[in-house]
Structures are given as C-alpha cells and as structure tokens.
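Q: I'm new to this one, and I'd like a close look at a single part of it. Could you pick one strand and walk me through what surrounds it?

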Amino acid sequence: MGLLRTWIAAIGARMAGPESLSYCLARGGVSFDDRLTQSARRALFKNNVNYVEFEPHAYCNRTCRFCPNSSGERRINKQMLRRDIHSKVLSELREIGYAGTVAYARYCEPMAHEETFDLIGEARRSLPAAYLKIISNGDYLTQEKIVRLQKTGLDFLAVSLYLPDSVPWSAAAALKEIQAFSNRVGVACRIRHSPATGVFADFEVEGMTMDARCLDFGLGRHGFDRGQSVEWLTDARFVRTDPCPFVFRNFTMDYDGNVMPCCNLRSDIPQHAPFVLGNVGTSSIFDIYAGRKSIQWRRGLADFSAKSGPCRTCKDASLHSWTDRLAVAAWNAARR
C-alpha cells in the first residue's frame with residue numbers, strides 16, 4: 001500500500017509543476033528524516049523550497065477585519081527585521097544557488113518603511129537568479145516609488161486593494177477602487193479578469209510585473225481564518241483532510257527572525273507561539289527546515305487524514321489541479 005501511494009505521487013509529480021501537491025508528496029519522503037548530514041540538509045532545502053518569505057518589519061497601517069491585524073497592535077509595533085539576520089539568510093541562500101521566489105510581505109505593509117528598498121537591493125545583489133516579490137496594500141505607493149522598486153531589482157509588485165468596511169463588495173466597486181489607485185499612482189492598467197468575487201488588473205511598468213486585485217473577503221469568499229486567529233472566519237464544523245504543500249515548499253520568517261510552518265501562523269500571536277520552528281538569527285535555514293519540529297509538521301500534513309490544531313479549520317492551499325484530485329481519490333482508495 002505504501003508503494004502504491006509513492007507511485008501515485010510520483011506519477012502526479014511528472015504531470016505537475018513544483019506548486020502542486022503531487023510534486024510535494026513525491027519529494028516528501030526524504031523530508032521525514034532528521035538524521036541528515038549538513039550537505040543533505042542543504043540539498044533537502046534546495047530541492048524542495050521555492051518560496052522564501054521575509055517580514056521586513058512589524059508595522060501595518062491597516063486594521064482589516066479579515067486579518068489578525070484587526071486588533072490594532074501592528075499599528076503600534078515598529079520593530080524592524082535586523083539587517084544582519086536578513087544578510088545571514090541571503091548568504092545561506094546564495095550558498096545553494098537559490099533561484100526561487102523571495103517575497104517581502106507577511107502581516108506588515110512593506111512599503112511603510114524606506115529600508116525595504118535596501119532589502120530588495122541587497123537581495124538582488126546576493127541572489128541574481130531569484131524572483132523578488134513584494135505584496136503591498138498600495139497605500140504608500142507612488143509613481144516614483146514604483147520606478148525605484150523596478151530599478152532596485154524587484155521582479156513583481158503585487159498590490160492588494162481593499163474596499164472600506166462601509167462599502168459592500170461588488171465588481172463595480174472593485175473596478176472603481178482599482179481605477180482610483182491607477183489614477184493616483186499615474187500608471188495605466190488593464191483589467192485582466194472580473195469574476196463574481198474579485199477583480200484583477202495588470203499595470204504597465206517596463207521591466208517589472210505589477211498587478212492589483214480587489215477581492216471579496218466576505219465569509220466563504222477569499223478570506224482564511226489564519227490559524228483560527230480570525231474567529232468570524234473560523235468554520236468550526238469544517239475539518240481539513242487535504243494535505244498541505246506549504247510546509248514542504250515555503251520558508252516563512254517573521255520580523256523577529258522566528259520561522260513559522262506557514263504564512264497563516266504568526267509567532268507574536270500567543271496561540272501560535274508554540275508553533276515556532278526556530279529562529280534564523282541563531283540557527284541556519286537548513287537546520288530549521290530539516291529539524292524535528294519541521295518534520296513533525298510535514299508528517300502531519302502529508303496524508304489525507306483529519307488535521308488537528310490550527311490546521312483543522314484551514315481552507316488555504318486546497319486541492320485544485322486534476323492531478324492532485326486524482327491523487328486524492330487514488331490515495332483514499334488505497335487506504336480502504
């Protein structure tokens with residue numbers, strides 16, 4: 001039966017890219033062993049991780065109701081990611097020739113601090129083949145800053161626009177919000193997609209990809225409960241059985257250097273504090289990724305059993321591709 005599951009995952013991996021569940025499952029077997037040499041740990045990270053996320057600082061100017069920041073404490077916390085920690089992680093990534101995505105986001109507004117330009121510049125110099133990305137709410141963006149980001153070496157600027165709480169979501173209202181942002185920053189846009197729960201637009205910036213999206217974060221739309229920290233989005237009746245690729249391919253760091261299993265968990269939320277995997281200020285990224293705590297998360301999220309803890313009600317990273325859905329059906333059949 002174990003051989004059948006391995007075969008199913010391997011077939012899925014051949015038909016799908018590194019974002020897919022099948023791919024992660026096929027590569028995941030070796031990820032369950034913490035008795036690895038240092039070179040094996042480096043190889044494990046290099047072969048599996050394709051998304052590294054920094055939180056450049058703690059501050060966010062918004063208190064969106066679908067986000068843990070709705071409590072408002074992130075408007076007070078001004079702590080910055082230490083530059084020596086940022087440089088250390090980039091150095092370790094450079095050692096393995098990392099060429100995946102490096103994102104600057106998490107639960108802060110990256111563009112609220114000038115130092116974010118320096119972080120992007122350092123990342124570009126250290127990792128010339130990496131894909132550098134910022135996720136911003138757009139409040140601090142100007143045409144001048146957008147041009148600076150492109151010249152500093154940013155590859156992708158993703159802008160998440162939100163309607164005021166007093167404005168019910170509609171495609172018309174979302175289109176109006178996107179157009180107002182386009183006019184404010186002086187960059188033309190083209191609407192790419194306008195479904196019932198979200199509007200997407202591409203912006204014309206030479207040498208850099210830039211898009212914006214305005215989504216409906218109402219219940220059952222695009223919002224997630226963020227490890228049960230957003231109570232009104234927590235569906236207590238739901239029990240996740242899908243595996244999760246995040247713990248295989250993502251490496252997520254908070255502003256204080258703490259590493260979390262995925263982007264939905266925060267070390268500065270008391271109920272999530274026990275889930276910290278390590279700190280990049282005191283341990284290498286390779287030791288943390290191949291460490292016992294990380295292995296326990298991967299082991300618990302690699303099969304189709306009922307999940308527990310903060311993952312029990314999580315609906316993020318659900319299965320979408322037909323190869324993944326085929327793998328689920330075959331895997332469950334093999335378990336009977």
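A: Here is a walk around strand 2, starting from the whole protein and ending with the helices beside the strand.

First, a word of caution: this is a predicted model. The protein has eleven helices and ten strands. Of its 336 residues, 53% are buried. If you take the contacts with a separation of 6 or more, 67% of them link residues 24 or more positions apart. About 15100 Å² of the protein is exposed, and carbon and sulfur atoms supply 53% of that.

Now the sheet. Its ten strands line up in the order 5-6-7-4-3-2-1-8-9-10, forming an open sheet with mixed pairing. Strand 5 (189–193) and strand 10 (278–279) sit at the edges with a single partner strand each, so one side of each has no neighbour in the sheet. Strand 2 has a different spot: in that order it stands between strand 3 and strand 1.

Let's take those two neighbours in turn. Strand 2 covers residues 101–104, strand 3 covers residues 131–136, and the two run parallel, joined by four bridges. Across this pairing, Thr-101 stands opposite Tyr-131 of strand 3. Over on the other neighbour, strand 1 (residues 51–54) also runs parallel to strand 2, again with four bridges. There, Tyr-104 of strand 2 has Phe-54 opposite.

So which way do the side chains of strand 2 point? In a regular strand, side chains alternate between the two faces of the sheet. Here, Thr-101 and Ala-103 point one way, while Val-102 and Tyr-104 point the other way. Are these four buried or exposed? All of them are buried.

Next come the helices. Helix 5 (residues 115–126) lies across strand 2 and strand 3, and runs at about 160 degrees to strand 3. Helix 5 also packs with another helix. For a pair like that, the usual description is the angle between the axes and the distance between them. Helix 4 (residues 83–95) packs with helix 5 at an angle of about 20 degrees, and their axes are 10 Å apart. Because angles under 35 degrees count as roughly parallel, helix 4 is roughly parallel to helix 5. Their crossing is right-handed. On the helix 4 side, the contact is made by Arg-83, His-86, Ser-87, Leu-90 and Arg-94. Helix 5 brings Glu-115, Asp-118, Leu-119, Glu-122, Ala-123 and Ser-126 to that contact.

To put it together, strand 2 pairs with strand 3 and with strand 1, and helix 5 lies across strand 2 and strand 3.

Notes: Residues are numbered from 1 along each chain as its sequence is written. This is a predicted model: local features need pLDDT of at least 70, side-chain atom pairs count only at pLDDT 80 or more; totals for chains, interfaces and linings use all residues. Side-chain values use heavy atoms; hydrogens and water are left out. Two strands pair if DSSP finds at least two bridges between them. Contact means heavy atoms within 4.5 Å. Axes are lines fitted to C-alpha atoms, for helices over the stretch in contact, and angles run from 0 to 180 degrees between N-to-C directions. Buried means under 20% relative accessible area, exposed over 50%, partly exposed in between (1.4 Å probe, protein chains only). Accessible areas come from the Shrake-Rupley method with a 1.4 Å probe; for residues, only the protein chains shown count as cover. Angles under 35 degrees count as roughly parallel, over 145 as roughly antiparallel, 65 to 115 as roughly perpendicular and the rest as oblique. A crossing is left-handed if the near helix is turned anticlockwise from the far one by less than a right angle, and right-handed if clockwise.
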